[in-house]
Amino acid sequence: MNTVVFVPFAASVLLVALSRVLATRLRPSAAAWALSAAMPLVAVCTVGALVVLACPLPARVPLVAALGRWAPSAVANHAPVAPAVSALALAALAWSAGRLCREVRASSPRRAPCSERPPSVGRRPR
Amino acid sequence: MDDPVPQAHALGVGVLGLGRIVVSSGLLRLLDADERAAVLAHEHAHLEQHHALLATASRLSAALNPLLAPIRDDLGYVLERSADEAAAAATSRGALASGIAKAALATVHTAGVAAGGAFALHRQAVAARVAALLADPTERTRAAWVLVAVAVVAAAAVGWALHDTERFFESARLWSRR
């Protein structure tokens, strides 16, 4: 593993900078779809990068090592990531999972009043 | 909706009849017939272009990766502009611009609504949207691929890192046997 694992974090920062510039300069529908496609993809990639950074730490747990058929000491001696970085990535993953759960829970009550309303009447004006 | 505050919302997504448009009586009283048609076309465009789904995807993405949180505002503006352009094509650019401006001016003293996004009437965004509606529409789309390319590079990098990680654990098995 090398510095390539940090590319999604750099991509996040680059995407923020580009979105500021391009949001007002592109045709709005094109900008909307490009941002909507890029944002979830980069978010998932960042989670993937955190998983890659975090995994050497749980791999040292004897139960996980037995399941993977490697010695915990072999992982500890050759781990490509420092334990502190792995611990930080694990904490970031847990924090992200918590934020995601809160966001999903928060959007549920917003949907309920919508479904209770009567259907729209009429068609789009031409 | 019987409410003196001028506001309009598109709720839900425009598939299977799940979408709803809510307009306040205050907005209906404030606008003339052309402006009302333009505002309704704007809200219809939100439903037809599934903007609620895109906004939800952006919220979940920002929850997963807080570095992306600033993009939510940019995307919010772009979604409003996209609905503006669709409504302007269906009705009239001038009527929509004047409808947005009238509603914004009427809500200037209603802090909760102005900040809460009813008809997305953030003050700076309103000025930019009205200016964009009164200018010639831009047809630039090619630079959108830059945004997608950044995401694809990130995906390729993670794929590479995952492949390296797999090789590391295969090596760990070999080292364990020695």
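Which residues in α2(A) meet α4(B)? Keep that in mind as we walk through this predicted model.

**First stop: chain B.** Select chain B and show it as a cartoon. You will find 8 helices and 2 strands, and from the N terminus on the order is β-β-α-α-α-α-α-α-α-α. Colour the chain by burial next: of its 178 residues, 47% are buried. If you draw the contacts in chain B between residues at least 6 apart in sequence, 60% of them join residues at least 24 apart.

**Second stop: where the chains touch.** Now bring chain A back and select the contact, to which chain A gives 62 residues and chain B gives 61. On the chain B side, β2 (20-23), α2 (33-48), α3 (51-64), α4 and α8 (144-177) each bring at least two residues. Highlight α8(B), since the largest share of that side, 22 residues, belongs to this helix. Colouring the same side of chain B by class gives 38 nonpolar, 14 polar and 9 charged residues.

**Third stop: a helix pair across the chains.** Select residues 28-54 of chain A, helix α2, together with residues 69-90 of chain B, helix α4. Their axes come within 8 Å and cross at roughly 145 degrees, and the crossing is left-handed.

Turn on side chains here to settle the opening question. From α2(A) come Pro28(A), Ser29(A), Ala31(A), Ala32(A), Leu35(A), Ser36(A) and Met39(A). Facing them from α4(B) are Ile71(B), Asp74(B), Leu75(B), Val78(B), Leu79(B), Arg81(B), Ser82(B) and Glu85(B). By class, this contact of α2(A) with α4(B) holds 9 nonpolar, 3 polar and 3 charged residues.

Conventions: Residues are numbered from 1 along each chain as its sequence is written. Chains are lettered from A and ligands numbered from 1 in the order in which they are written. This is a predicted model: local features need pLDDT of at least 70, side-chain atom pairs count only at pLDDT 80 or more; totals for chains, interfaces and linings use all residues. Axes are lines fitted to C-alpha atoms, for helices over the stretch in contact, and angles run from 0 to 180 degrees between N-to-C directions. Helices (H or I, at least four residues) and strands (E, at least two) are DSSP runs, numbered from the N terminus. A crossing is left-handed if the near helix is turned anticlockwise from the far one by less than a right angle, and right-handed if clockwise. Two residues are in contact if their C-beta atoms, placed from the backbone, lie within 7 Å. Ala, Val, Leu, Ile, Met, Phe, Trp, Tyr, Cys and Pro count as nonpolar, Asp, Glu, Lys and Arg as charged, and the others, Gly among them, as polar. A residue is buried if 20 or more other C-beta atoms lie within 10 Å of its own, exposed if 12 or fewer, and partly exposed in between; C-beta atoms are placed from the backbone.
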